[in-house]
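Let's take a look at how the parts of this chain sit together, and then zoom in on one residue.

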There are 2 protein chains.
Amino acid sequence: MLDAVREELGERGYDELTLEAVAARAGVHRATVYRRWRDVGGLLADLFEATSDDDWQPQDTGSLHGDLAALNHENQAALTARPSIATALIAASFRSEEAALGVRRLWEDRYARCEVIVSRAVRRGELPPDTDARRLLIAATAPLYHQLVLLRTPADPDLPDEAARTAVLAASAGAFVKSPPVGDA
Amino acid sequence: MLDAVREELGERGYDELTLEAVAARAGVHRATVYRRWRDVGGLLADLFEATSDDDWQPQDTGSLHGDLAALNHENQAALTARPSIATALIAASFRSEEAALGVRRLWEDRYARCEVIVSRAVRRGELPPDTDARRLLIAATAPLYHQLVLLRTPADPDLPDEAARTAVLAASAGAFVKSPPVGDA
């Protein structure tokens, strides 16, 4: 099934991707495919999950900058692969509630796994203990998605490192320290 | 035509948006619509451009943080409007080359107009003169698009200010200073 989706995506592109074409290519009965997935978005979300490594962990390079840059390089590779299941899933998320939920669930899982990058940096003394990991991770990774997925500029080989460096500088300047509870003087 | 698109988007959503339905609602002949726009993406790109204020300039609040926060608040409003033509155009950009080109052209224009935010900050002494305006602007605005368009989290009222503040802190720490030409010692 996965091979069928990859081949369809590669040959005909995302917009032509239908459950029917995938079923035909995989030699599976149409009804079976429709029973299992409501739409292309559901199928893509499932496949993306199935092809993701269950044991995936962010690299431990020994520094906050290194860890964030490695993460950005991995993301850049996934988004510029041809065909890219990640990009197809994002595209489907605008058209299918299943895919939108899938995207949200997958990113949630990915960011949760990446929080260890921040806790390691706190342990090393690179970051204050009350750093908001999620905000830091989004700041470090968002520019890359912005350029590749929204602005559609060609992949910039320097961007993974630059975006990581920007986030580290902002973090060191206290950008992601959690605000004290309201009421504190 | 614009009203017809807005109504179609509001009632049936982006995925059901077709040139045919828009033509019918606007009371325009199908062939006329197809002659003018090749697909829904082309129509959305045109409309987005037509509804954009030709004289749009970023607000001049007197500080870099204020200018970036104001920009993010405007973007957040455009992306959370129901229906949002901006979001429909982004969705269409995955399916239509016209829309992808339109998105790229519109964002290019928008970021170019925003460079004055950076030059004003340089003049005020808030930023070093060799700051890369585009990189700073993308860092300041990307987290908002990331959360609203890709992660599909509900709009966070604090995010426009936070993302602006993060970019200012990174900029003050030298994150967006252009690298010296290769060969400089």
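## Where the two domains meet

Across the interface of domain 1 of chain A and domain 2 of chain A, there are zero salt bridges. Polar contacts don't add much to the list: one residue pair, with both residues at pLDDT 80 or more. Keep in mind that this is a predicted model.

So who sits on the domain 1 side? Two elements of chain A, α1 (2-12) and α4 (40-51), each give two or more residues to the side that touches domain 2. Of these, α4(A) gives the most, with five residues. Sorted by type, the residues on that side of domain 1 are six nonpolar, three polar and four charged.

## How much gets covered

Domain 1 runs over 2-48 and domain 2 over 55-172 of chain A, and their centres, taken over C-alpha atoms, are 27 Å apart. The contact draws 13 residues from domain 1 and 14 residues from domain 2.

Between them, the two domains bury about 1,300 Å², and 75% of that is on carbon and sulfur atoms. On the domain 1 side, A:Y14, A:A45 and A:F48 lose the most area to domain 2, together making up 44% of what that side buries.

## Zooming in on A:T131

Now for a single residue. A:T131 is in the loop between α7 (97-123) and α8 (133-150) of chain A. Is A:T131 buried or exposed? With a relative accessible area of 7%, A:T131 counts as buried, because the cut-off is under 20%.

A polar atom of the A:T131 side chain lies 2.6 Å from the backbone oxygen of A:P128. Beyond its neighbours within four places in sequence, A:T131 is in contact with A:V118, A:L136, A:F176, A:V177 and A:K178.

How values were computed:
Residues numbered from 1 in each chain as written. Chains lettered and ligands numbered in written order. Predicted model: local features only at pLDDT ≥ 70, side-chain atom pairs only at ≥ 80, totals over all residues. Heavy atoms only, no water. Helix = DSSP H or I, 4+ residues; strand = E, 2+ residues; numbered from the N terminus. Buried < 20%, exposed > 50% of the residue type's maximum accessible area, 1.4 Å probe, protein only. Polar contact = N/O pair within 3.5 Å; in protein donor to acceptor, adjacent residues only side chain to side chain. Contact = heavy atoms within 4.5 Å. Domains from an automatic or database assignment. Buried area = accessible area lost by both parts, 1.4 Å probe. Salt bridge = Lys/Arg side-chain N within 4 Å of Asp/Glu carboxyl O. Nonpolar A, V, L, I, M, F, W, Y, C, P; charged D, E, K, R; others polar.
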